[in-house]
Amino acid sequence: MMKGFRRHTAALVVAVVLAGVVPASAGKIAIEPKLRGGLDRLVRLGFQPDQRLDYLVPGFRRGEFVVYALVDHPGRAGDIAATGARVRWAFRSIDAVSFVAPRDALLRVAAKPWVRALYPVASARADQVPTVVGEITRGDPPRRHPVAVPAGSRSITVDLTVAPPTPPHFDFNATDFLEARLVNPAGRVVAVRPSLAHQISFRYGAPSLEAGDWALEIWYRNANRPTAPLLFAYAGNASVSGEEVPRDPAAPIPSGVCAGAADTARWMSHPNLKRRGVTDIGAPVLWDQGIRGRGVRLAILDTGVDSSHVDLDDQDWEHWGAAGCPPKVIADALFAGAQKIDGQGVVDNGGHGTHVASEAAGTAEGTSDADRARYPGVAPEASVIAGRIAIDVTTLSDDLLAAAEWAVIDQRADVVNLSFGIDVRYGVLTDRYDPQAAGFEALAIDPAWGHPTIAVAAGNSGDYFSTIGSPGTAPHVATIAATVKDWDLALPPGETTEGGRTRSLGRADASGAVHPAITSFSSRGPSQDLLFSPDLSAPGESIVAARTNHTGSTNLNGAKNGYVSFSGTSMATPHAAGASALLVDGYRRHFGAGRPPSWLVIAAMSNTAGTPAPRPDFAGGELTQVTYAEHGAQVQLHTGSGSREDASTPAGSLVEGGGRINLPAALTALTKGVVIHTDGDPSAPEAEDLQPSVQATATPGGSVTRRLAIVPATGHEYAVSLRAAAGVPSVNARPIPDSWWTLPPEVPVLGRTTTDAAIAVPAGTGAGLFTGYLLADVTDTTTGAAWTLRLPVLVVVEIADFDPAGGEGHGTTAEGATRGEFVSSFLTTIVMASVANDWPMFAIDAPAGLDRLDLALAPGISNPGADWDLIVYDARGQAVADTVNGPPTQRPTLSLARPTPGRYRVAVSLTAVLLSSADGPDARGVPFTLSADLVGAATAP
């Protein structure tokens with residue numbers, strides 16, 4: 001009963017739940033292996049679709065699929081439409097098309113040889129002189145206008161002016177807008193654009209367009225007043241070009257200057273900043289140097305940005321209330337229902353995006369004199385690009401990726417903030433192969449887009465491990481964990497900015513020193529690829545920032561006058577995005593021009609994180625100094641949480657990443673010192689390349705060498721010495737012994753230099769995760785300046801069997817622990833349960849010629865109510881074997897016959913029914929041992 005209940009409950013959190021059974025093949029094309037990301041499971045289980053699809057997908061009908069197709073080139077949108085599917089987006093960052101289709105059309109798409117894989121879309125939300133003038137009323141047939149396309153054409157540009165008597169408006173329940181459709185010679189609709197303002201302008205392109213007579217169709221859709229005509233003007237034949245689809249011109253940053261003198265202040269001593277997260281990361285130090293983000297394009301992809309709020313209406317930092325200040329938001333658009341709608345990004349009915357934008361770039365004008373300069377963003381002079389991806393706080397991942405492409409490709413964003421993500425889902429890996437993560441990875445690392453820094457929320461599924469959400473699983477974005485503000489740590493709970501919420505904080509150690517604390521809700525690493533994550537941490541609890549004027553929500557937790565307090569990794573991420581904007585500004589000021597690539601920005605923050613940032617010296621006996629433990633933050637406690645650590649437990653790198661950001665130190669490393677990251681080809685890096693952390697996978701008795709790149713900022717000569725430091729033990733990670741390392745002698749650095757660090761795993765080492773740090777002692781031999789940089793290290797030791805031919809039944813073992821997914825027994829009668837759970841994962845390599853891979857799990861303690869499962873994933877994250885559909889068991893076994901050679905990941909999952917809270921698991925989880933036996937005449941891995 002419990003197993004069936006858990007499976008049903010887990011499916012409820014997936015935005016795309018599919019009906020029907022997919023046959024194993026259609027003709028000569030195998031269909032089912034193409035269904036990835038849990039799509040095959042969802043199809044077989046036959047659950048009804050998520051209710052949210054009814055309003056997130058216009059025209060959605062129950063039983064339809066909302067899917068990504070990974071294809072051989074992005075010009076396949078028309079071919080997919082020919083199957084009867086409704087195309088949503090053709091992406092530019094990856095070769096993918098998203099579409100909506102009933103079962104039969106989905107099977108036709110899957111059968112195409114040019115379709116590589118299908119993934120479910122998940123929830124995470126210049127005018128021309130007119131030559132043709134007309135009007136149209138709802139119910140009228142479309143107005144058709146010819147578009148002649150000669151052979152060799154590659155793109156079509158359409159401009160359409162709308163002049164309604166009353167401006168149209170957009171609402172998922174009552175839409176009223178003009179729509180333009182581009183139809184090819186075969187009669188297929190290849191592009192659709194609505195209008196919410198007075199202009200429809202879009203470009204459609206493919207590697208080659210069919211020559212012949214195309215058509216532009218103009219529709220009036222769902223008007224509330226069917227008798228009211230809508231006027232339009234079309235400039236005649238669309239513009240057809242042999243060039244590729246050009247990027248839309250980026251909105252210029254206004255050059256206007258506020259009237260009046262600046263109301264400047266020394267921000268390091270400003271009394272209004274004593275409770276702010278910006279002080280924890282040292283932003284006021286850079287403000288006092290004139291580094292405020294001026295000229296930096298900062299994209300906020302969220303629920304919208306309310307540009308009517310005084311902190312976001314214009315660029316009036318230190319000119320509060322002055323006339324003539326240029327606007328803060330320089331470009332905005334809504335991405336919803338597979339439509340890009342200009343002019344709607346400055347509407348925020350949810351409030352989340354306005355809060356995030358003001359944290360990253362608010363000007364702190366304040367809604368009253370008392371609040372002036374009280375709630376500044378980290379980069380208060382940065383310009384904002386508002387990509388609205390949700391009507392409330394829910395969106396679909398393909399709309400989100402489309403917004404990211406617009407921000408990076410078209411609007412040339414220097415920094416992108418994404419406080420949205422896909423949560424970990426039971427039975428489905430959230431890893432770098434998820435199409436959303438793959439798209440964000442391409443935007444961050446493709447040289448064509450200039451390597452913007454993309455900051456992504458880690459997720460709020462803590463304190464469980466391996467719960468990093470997508471696209472935070474993309475290797476080259478900055479994934480951000482959340483800390484508690486130092487102000488709150490230094491005070492009794494009733495005096496914190498939580499407004500007296502009851503909880504206990506790990507405020508001090510035995511010596512009375514205050515340590516930074518990771519919040520209980522912040523998702524833990526590693527990713528389910530077994531890659532190091534999160535990358536960094538920043539303040540994310542009880543953050544007060546702007547409240548949108550577009551909603552009737554009330555002020556919370558003592559905030560007032562247009563401000564509200566929110567908590568989450570959503571709040572930590574804009575601190576990191578704003579910090580990145582300041583580093584881009586500081587880099588340009590120091591070197592005169594250019595933008596540092598994202599891996600240098602992220603490495604500068606990570607190398608220097610975990611060290612104390614300079615703090616304002618507050619009067620009145622308030623917090624004046626913060627001292628740090630050697631390894632950074634501790635774990636936050638709160639009452640009733642069942643947290644597994646106590647206040648004296650260091651968090652460790654799989655919880656805090658490199659540590660909390662220290663902006664002054666990061667800027668010094670980037671502009672006057674050195675930055676260290678793993679080496680690699682910037683045009684095509686592997687997941688472990690260009691990282692501020694060292695990541696390696698090895699078998700017992702094996703070794704791995706990682707090449708490090710030491711990048712100096714100046715022509716000075718440096719001396720760099722590497723040394724190892726043990727990591728912090730946690731539920732599923734052990735410290736790396738010093739004896740594993742082979743490090744180079746002192747490295748002289750004059751210009752970019754590489755050096756090698758090697759790790760040898762002794763034979764007989766148990767499989768699992770091992771963490772540590774590389775410390776780099778850096779000396780500028782020209783000036784004598786010296787400092788220490790830090791790189792977190794993650795070593796994944798694989799399960800191994802060195803005698804597969806023997807089938808002796810005792811390969812190496814892995815030990816771990818999991819708190820699993822626990823629910824109270826009374827909940828089994830209703831559709832409700834926790835979906836976050838520890839999901840320990842282990843790696844194993846299957847050599848060629850193997851007959852069988854046997855796995856067995858043995859819990860360390862007896863729990864009659866426990867149901868354990870094993871799930872095996874191949875190298876691309878596809879589930880290939882599991883015990884999920886079997887009867888509940890405490891000792892599951894699994895056998896994979898003739899496995900394809902390669903690397904597999906094995907997940908251990910636990911579900912248990914608890915009769916009361918007193919029956920809860922041990923504070924550090926339920927221990928287990930996982931063993932593997934490779935059987936067959938194979939070459940040992």
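How many helices and strands are there in the protein? The predicted model contains 15 helices and 46 strands.

**Figure 1. Overview of the predicted model.** The protein comprises 941 residues, of which buried residues make up 61%. About 32000 Å² is exposed by the protein, and carbon and sulfur atoms supply 52% of that area.

**Figure 2. The disulfide between Cys258 and Cys325.** One disulfide is found when the whole structure is searched. The sulfur atoms of Cys258 and Cys325 are 2.0 Å apart, and the link is right-handed, with 135° about the S-S bond. Distant parts of the chain are linked by this pair, whose members are 67 residues apart. Cys258 belongs to the loop between strand E15 (239-241) and helix H6 (277-280), whereas Cys325 belongs to the loop between strand E16 (297-302) and strand E17 (329-336). Cys258 counts as buried because its relative accessibility, 9%, is under 20%. Cys325 is likewise buried, with a relative accessible area of 13%.

**Figure 3. Surroundings of Gln315, in the loop between E16 and E17.** Gln315 has a relative accessibility of 6% and therefore counts as buried. The side chain of Gln315 makes a polar contact of 3.1 Å with the side chain of Lys328. The Gln315 side chain also reaches the backbone oxygen of Ala382, at 3.1 Å. When neighbours within four places in sequence are left aside, the residues in contact with Gln315 include both disulfide partners, Cys258 and Cys325. Among the others are Pro326, Pro327, Thr363, Pro380, Glu381 and Ser383.

**Figure 4. The largest nonpolar core, of 66 residues.** In soluble globular proteins, nonpolar side chains tend to be buried together. Leu582, Ile661 and Leu663 are the residues with the most contacts inside this core. Helix H12 (residues 569-591) gives the most to the core, contributing ten residues.

**Figure 5. Contacts of Ile661.** Neighbours within four places in sequence are left aside in this view. Ile661 is in contact with Leu536, Ser537 and Ala538, and also with Ala576 and Ala579. Further contacts of Ile661 are Asp280, Ile281, Met605 and Ala609.

**Figure 6. Another nonpolar core, of 50 residues.** This core lies apart from the largest one. Its members include Ala299, Ile389, Leu401 and Val416.

Note on methods: Residues are numbered from 1 along each chain as its sequence is written. This is a predicted model: local features need pLDDT of at least 70, side-chain atom pairs count only at pLDDT 80 or more; totals for chains, interfaces and linings use all residues. Side-chain values use heavy atoms; hydrogens and water are left out. A disulfide is a pair of cysteine sulfur atoms within 2.5 Å. Helices (H or I, at least four residues) and strands (E, at least two) are DSSP runs, numbered from the N terminus. Buried means under 20% relative accessible area, exposed over 50%, partly exposed in between (1.4 Å probe, protein chains only). A polar contact is a pair of N or O atoms within 3.5 Å; within protein, one must be able to donate a hydrogen and the other to accept it, and residues adjacent in sequence count only if both atoms are side-chain atoms. Contact means heavy atoms within 4.5 Å. A nonpolar core is a set of buried Ala, Val, Leu, Ile, Met, Phe, Trp, Tyr and Cys residues joined through side-chain atoms within 4.5 Å. Accessible areas come from the Shrake-Rupley method with a 1.4 Å probe; for residues, only the protein chains shown count as cover.
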